[in-house]
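Colleague: I am still learning how structural words are earned, and I would like to go through one model with you, asking at each step what stands behind a word.

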Amino acid sequence: MVDKLGDWVRTHTCGDLRGAQIGQNVLLLGWVHRVRDLGHLVFVDVRDRYGLTQIVVDGEHLRDRAKHLRAEFVIGVKGRVRARAPEALNPKMPTGEVEVQAVEIKTLSEARVPPFVIADEVTANDDLRLKYRYLDLRRPALQANLGLRHRVTLAVRKYFDAQRFWEIETPVLTKSTPEGARDYLVPSRVHPGEFYALPQSPQIFKQILMIAGTDRYFQIVKCFRDEDLRADRQPEFTQIDVEMSFATRELVFAAIEPLMRDIFQVIGRDIATPFARMSYADAIARYGSDKPDLRVGMAIADLSGGFADSTFSVFRDAVAGGGVVRGLVVPGAASYSRKQLDDLSAQAREMGAGGLVWARRSGDVVQSSALKAAGADAIAAVLAEAGAGATDLLLMAAGPAEATSKVLGALRLDIAKREGWLKPDEYAFVWVVDFPLLEWDGEEKRWVAMHHPFTSPIEAHMDRMEQEPGQVLAQAYDLVLNGSEIGGGSIRIHDNALQQRMFRLLGISDEDAKLRFGFFLEALEYGTPPHGGIALGLDRIVAILAGESSIRDVIAFPKTAQAVDLMSTAPTPVSLAQLRELRLKTDA
């Protein structure tokens, strides 16, 4: 039997009660978490988002009612708070020193048997959890993640308000300006055959806001990208979008570092500022990635000089051909077995390396997979040059500079994960700066923007854009935390002529640029202040704060890696009537 709520209003949440409330009459409302029937007593744990309280049912009439309760029923309980018996205290629960002796129970809603247990240690697979997301979200861990997300966004808004930024909403239905990921298109019923696009970013609009004189803007905004998804990408995501007039790189950094400090204080952690800085070139050379994880050392060293005249022909020829020899010192790994070393070599080959050479000391004797070819003296010298100690292992690879560093960088992270050196509660920030403005797209046979087409080149390189496009550096920067890019930004182009030069470099004709970006190019001609900004990934930041490996666990209703909402079953076909109204046909 289901009861009406009537005039029942809860006096406390299920996480409120403590010793101070002993003797008080209370009314709790929530979900049945667990029922334990001891015959003469029935214990019912009642849960809401705030916590869990134990209910004791000992009256005959109420016992019969309590015995019919099942997990996830919604109930109301009136009762009196009392102290638990000493042997029944539960120090692991905030409410563990008290219980409520029930005097009246209402069943407000019954529930089918859930497809999985509502508990933090859930064993259900991800697809089942996403199909029944409303049940998954009842788990205390996910509720805590959503609460953390709320507190982070609140801290963001408080910080920017204090810094005189305005939060301004930009359009969700906008113009398709594809350059990078594919747009999600929305057909217009009023203008048949024409389409809006969902924004990949508010980029153009926030720049127009600077032209409009708003000076300092931010927005916590949904963005959409119809791209091939990876495990930790979502087709819709949330970013903290920021733009400032008269900005320099230093002003942007000075605005964002205190913001990150405030965000991390939400979880009670103090972070040191200013953040480290590293050029893109150094990040690739020393860590094999433009998203370096600095929680462990193990920087990659260039050892080419020691092999220029070596008897080890593989490395000597690589250097002579314009390549490099680079090495990675793994601390304490001299004790690795031959099988472990063989596995590392096989892993390097799978990553595209021609091979992997290892070297180490065993007492006064040097050992190496290239000992016969290179000689003991050369191996001893390169161990010393790399700074490898008596208990360390040196891994070396040769070939093109970037590819070699990327292989060693991937091995570095894999070894660090296996050895447990990447602590989730350690936070290593770094600004990666001086990115190339452009990169060559081998498939499309053209230059593409490494960040986006509105990024300004550094002033000293503006004259080289047409003659040496691959050598031009950008006024772009990424904020990296623990090997994840959590933000990217730049100083923008604020001159119409320079913006059109940039479009031409990207293979966008003047006619096409006018069609796609004409309104923005025209706006640039009406007095545009120098400006710049950044976009920070809210989903990724909250996941790191929560210690979650996937952003799906900090998003209320995420999609699968195939961009499917398993709960609502979106995307789905629409009716022929809807298609006719939009003047659309499909070949599906």
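Modeller: What follows is a conversation about a predicted model, in which each word is set against its value.

Colleague: How many helices and strands does the chain have, and what share of its residues is buried?

Modeller: The chain holds 16 helices and 22 strands, and its C-alpha atoms fill a box of roughly 95 × 75 × 50 Å along the principal axes. Of the 588 residues, 46% are buried, and among the contacts with a separation of 6 or more, 67% are between residues 24 or more positions apart.

Colleague: Why is phenylalanine 246 called exposed?

Modeller: The word exposed asks for a relative accessible area over 50%, and phenylalanine 246 has 55%, so it counts as exposed. This residue is found in the loop between strand 10 (236–245) and helix 6, and its phi is near 55°, a positive value in a residue other than glycine.

Colleague: What makes a positive phi worth pointing out?

Modeller: Most residues other than glycine have a negative phi. Asparagine 482 also has a phi near 55°, and it lies in the loop between strand 20 (476–481) and strand 21 (484–491).

Colleague: Is asparagine 482 buried or exposed, and how do you know?

Modeller: Buried means under 20%, and asparagine 482 has a relative accessibility of 10%, so it counts as buried.

Colleague: Which peptide bonds to proline 274 and proline 571 are called cis, and what is the value behind the word?

Modeller: The bond from threonine 273 to proline 274 is cis, with omega near 0°, and proline 274 sits in the loop between helix 6 (249–265) and strand 11 (276–279). A cis bond also joins alanine 570 and proline 571, where omega is about 0°, and proline 571 is placed in the loop between helix 15 (538–546) and helix 16 (576–581). As a general rule, most peptide bonds are trans.

Colleague: Where does proline 571 appear among the residues that line the second largest pocket?

Modeller: The second largest pocket has a volume of about 690 Å³. It is lined by 20 residues, and those closest to its centre are Tyr184, Leu185, Pro571, Thr572 and Val574. Strand 7 (184–187) and helix 16 are the elements that give two or more residues to this lining, and strand 7 gives the most, with four residues. By class, the lining of this pocket has 14 nonpolar, three polar and three charged residues.

Colleague: How many cavities are counted, and what lines the largest?

Modeller: The count comes to one cavity of 30 Å³ or more, and the largest cavity holds about 40 Å³ of space. Its lining is made of Leu130, Arg133, Phe557, Pro558, Thr560, Val564, Asp565, Leu566 and Met567, which divide into six nonpolar, one polar and two charged residues.

Colleague: How many aromatic pairs are there, and what makes the pair of phenylalanine 307 and phenylalanine 315 edge-to-face?

Modeller: The count is 18 aromatic pairs. Phenylalanine 307 and phenylalanine 315 have 4.9 Å from centre to centre and 85° between the planes; a pair needs centres within 6.5 Å and edge-to-face needs an angle over 60 degrees, and both conditions are met. Phenylalanine 307 is buried at 1% relative accessibility, and phenylalanine 315 is buried at 4%.

Colleague: Why is the pair of tryptophan 440 and tryptophan 447 called edge-to-face?

Modeller: The ring centres of tryptophan 440 and tryptophan 447 are 5.3 Å apart and the planes stand at 75°, so this pair is edge-to-face. Tryptophan 440, at 48%, counts as partly exposed, and tryptophan 447, at 23%, is partly exposed.

Colleague: How do you know that the span of helix 4 agrees with what is expected?

Modeller: Helix 4 (residues 140–162) has 23 residues, which at 1.5 Å a residue should span 33 Å, and its end C-alpha atoms are 33 Å apart, so the values agree. Its buried residues include Leu142, Leu148, Val152, Tyr159 and Phe160, and the buried residues pack against helix 2 (126–131), helix 3 (133–136), strand 9 (216–224), strand 10, helix 6 and helix 15. Tyr159 and Phe160 are also linked by ring pairs with Phe165 and Phe218 into a cluster. Just after helix 4, arginine 164 takes a positive phi of about 70°.

Notes
Residues numbered from 1 in each chain as written. Predicted model: local features only at pLDDT ≥ 70, side-chain atom pairs only at ≥ 80, totals over all residues. Heavy atoms only, no water. Buried < 20%, exposed > 50% of the residue type's maximum accessible area, 1.4 Å probe, protein only. 1 Å grid on protein atoms, 1.4 Å probe; cavity = no way out; pocket = protein on both sides within 12 Å on 5 of 7 lines; lining within 4 Å. Points joined across faces, edges and corners; volume = space filled by probe spheres on them. Nonpolar A, V, L, I, M, F, W, Y, C, P; charged D, E, K, R; others polar. Phe/Tyr/Trp six-rings, centres within 6.5 Å; stacked < 30°, edge-to-face > 60°. Expected span 1.5 Å × (residues − 1). Contact = heavy atoms within 4.5 Å.
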